Amino acid sequence: MPAFCVSKAVYRDILSRHALPLLFLQPSGHECHTLLLLFPCAALISLSSVKVLDTSWYLPPMGRDARAEFRTCRIPCAQFWDIDGVCDPNTDLPHMLPSEEAFAAAADALSIGNDDAVVVYDGMGMFAAPRAWWTWKVFGHDRIAVLEGGLPAWKAVGADLDTSAVNEQQLNTATVAARAAAFSGSTKYKAILKREKVIPLQDMLKLVEPAAAAVAAGSPEPDVARQVVDARPAGRFRGVEPEPRPGLRLGHMPGAKNVPFMMVGWHCARSLSCKCCSVL
């Protein structure tokens, strides 16, 4: 991760070398197709004009509590976004996409409008925030960025932290609104799911059928029309490390290629030829 400094000279240098903060601050209506990263030092100056969401979430073996951590400290003015709260309540699968109505109700509850700029971050630096970024993007919100380095980077530059008391109502604002969406009527926020960005399970099964048949026959895996990427650590991809959730089968989808999320960092966001993406 880059070294951070809050001086105006360094901030100007970052803006001259990296266009990402400038892209994020462009007027509403400008669509950005890449995952935008906002530097903490840029955020120190610009966060007063955006909506900030703490989207922290952890796997069970990590032994961390996102809600408890938010209560302890957070970026000033941040609100809590629970990816397992604003989700589809009609499945036992974790953090499945909510309905358009539920997403819109959650945005309304946090006073976020369609034209607002939003910054998401998490407590690990770059773990759950990209999932939240994608969720907002897939519902049509283009002015969305991930804070590079998350809360750890924010702390590293000595930025202010909010340690005031937080009650359960504040923690559950978005979740409660999403769950009540069916009864709340129209919303100010207009969410439109980009269905072409989501592949249904049955379509995914058809996609991997040729590779699955090749594996079963002991033949080389064929080329596929759409490449499946598995972002889990290499050990889990190969089936030699246990899954963090009990009962899940080991291994990976036939035909999938492994790009562990830990290897995809800021250097990959800037480079079109990063080594970790060469497997694709």
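These legends go with close-up views of a predicted model.

**View 1. The whole protein, before we zoom in.**
Start by getting your bearings: the chain has 280 residues, and 43% of them count as buried. Its secondary structure comes to 13 helices and seven strands. Now think about how the chain folds back on itself. Take the contacts between residues at least 6 apart in sequence, and you'll find that 74% of these join residues at least 24 apart. As for the outside, the accessible surface comes to about 15100 Å², and carbon and sulfur atoms hold 57% of that.

**View 2. Helix α6 and its surroundings.**
How many of the ten residues of helix α6 are buried? The helix runs over residues 129-138, and seven of its ten residues are buried, so it is largely enclosed by the rest of the structure. If you want to pick them out, look for Ala 129, Ala 132, Trp 133, Thr 135, Trp 136, Lys 137 and Val 138. Notice that a lysine is on that list of buried residues. What do the buried residues of α6 pack against? Their partners are helix α5 plus three strands: β2 (51-54), β4 (118-121) and β5 (144-147). Just past the end of α6 sits Gly 140, with a positive phi of about 95 degrees.

**View 3. Helix α5, one of the partners of α6.**
Helix α5 covers residues 100-109, and the buried residues of α6 pack against it. The buried residues of α5 itself are Ala 102, Phe 103, Ala 104, Ala 105, Ala 106 and Ala 107. Here's a handy bit of background: an α-helix has 3.6 residues a turn, so residues three or four places apart point the same way. After α5 comes Ser 111, where phi is positive, near 60 degrees.

**View 4. The largest cavity.**
Searching the whole structure turns up three cavities of 30 Å³ or more. This view shows the largest cavity, with a volume of about 60 Å³. Its lining is made of Trp 81, Ile 83, Val 86, Cys 87, His 95, Met 96, Leu 97, Pro 98, Arg 131 and Thr 135. Sort those residues by type and you get seven nonpolar, two polar and one charged. You've already met Thr 135, one of the buried residues of α6. His 95, also in the lining, belongs to the loop between β3 and α5. Is His 95 buried or exposed? Its relative accessible area is 12%, so it counts as buried. The backbone at His 95 has a positive phi of about 35 degrees, even though the residue is not a glycine.

**View 5. Ser 56 and its neighbours.**
Find Ser 56 in the loop between β2 and α4 (66-72). With a relative accessible area of 5%, Ser 56 is buried. What does the side chain of Ser 56 reach at 2.8 Å? The answer is the backbone nitrogen of Gly 123. There's also a polar contact of 2.7 Å between the side chains of Ser 56 and Asp 54. Leaving out residues up to four places away in sequence, Ser 56 touches Ala 66, Phe 80, Tyr 121, Asp 122, Gly 123 and Ala 128.

**View 6. Cys 77, out in the open.**
Cys 77 sits in the loop between α4 and β3 (79-80). Unlike the buried Ser 56, Cys 77 is exposed, with a relative accessible area of 69%. Check its backbone too: phi of Cys 77 is near 75 degrees, a positive value in a residue other than glycine.

**View 7. Glu 243 and the arginines around it.**
Glu 243 is in the loop between α12 (234-238) and β7 (257-258). Its relative accessibility is 13%, so Glu 243 counts as buried. Which residue's side chain does Glu 243 join through a polar contact of 2.8 Å? That would be Arg 236. Setting aside neighbours within four places in sequence, Glu 243 is in contact with Arg 232, Arg 236, Leu 248, Arg 249 and Leu 250.

**View 8. Val 259 and Ala 231.**
Our last stop is the loop between β7 and α13 (266-270), where you'll find Val 259. This valine is buried, with a relative accessible area of 6%. Val 259 and Ala 231 are 28 residues apart in sequence, but in space their C-alpha atoms are 5.1 Å apart.

Technical notes. Residues numbered from 1 in each chain as written. Predicted model: local features only at pLDDT ≥ 70, side-chain atom pairs only at ≥ 80, totals over all residues. Heavy atoms only, no water. 1 Å grid on protein atoms, 1.4 Å probe; cavity = no way out; pocket = protein on both sides within 12 Å on 5 of 7 lines; lining within 4 Å. Points joined across faces, edges and corners; volume = space filled by probe spheres on them. Nonpolar A, V, L, I, M, F, W, Y, C, P; charged D, E, K, R; others polar. Helix = DSSP H or I, 4+ residues; strand = E, 2+ residues; numbered from the N terminus. Buried < 20%, exposed > 50% of the residue type's maximum accessible area, 1.4 Å probe, protein only. Polar contact = N/O pair within 3.5 Å; in protein donor to acceptor, adjacent residues only side chain to side chain. Contact = heavy atoms within 4.5 Å. Areas by Shrake-Rupley, 256 points an atom, 1.4 Å probe, with all protein chains shown as cover.
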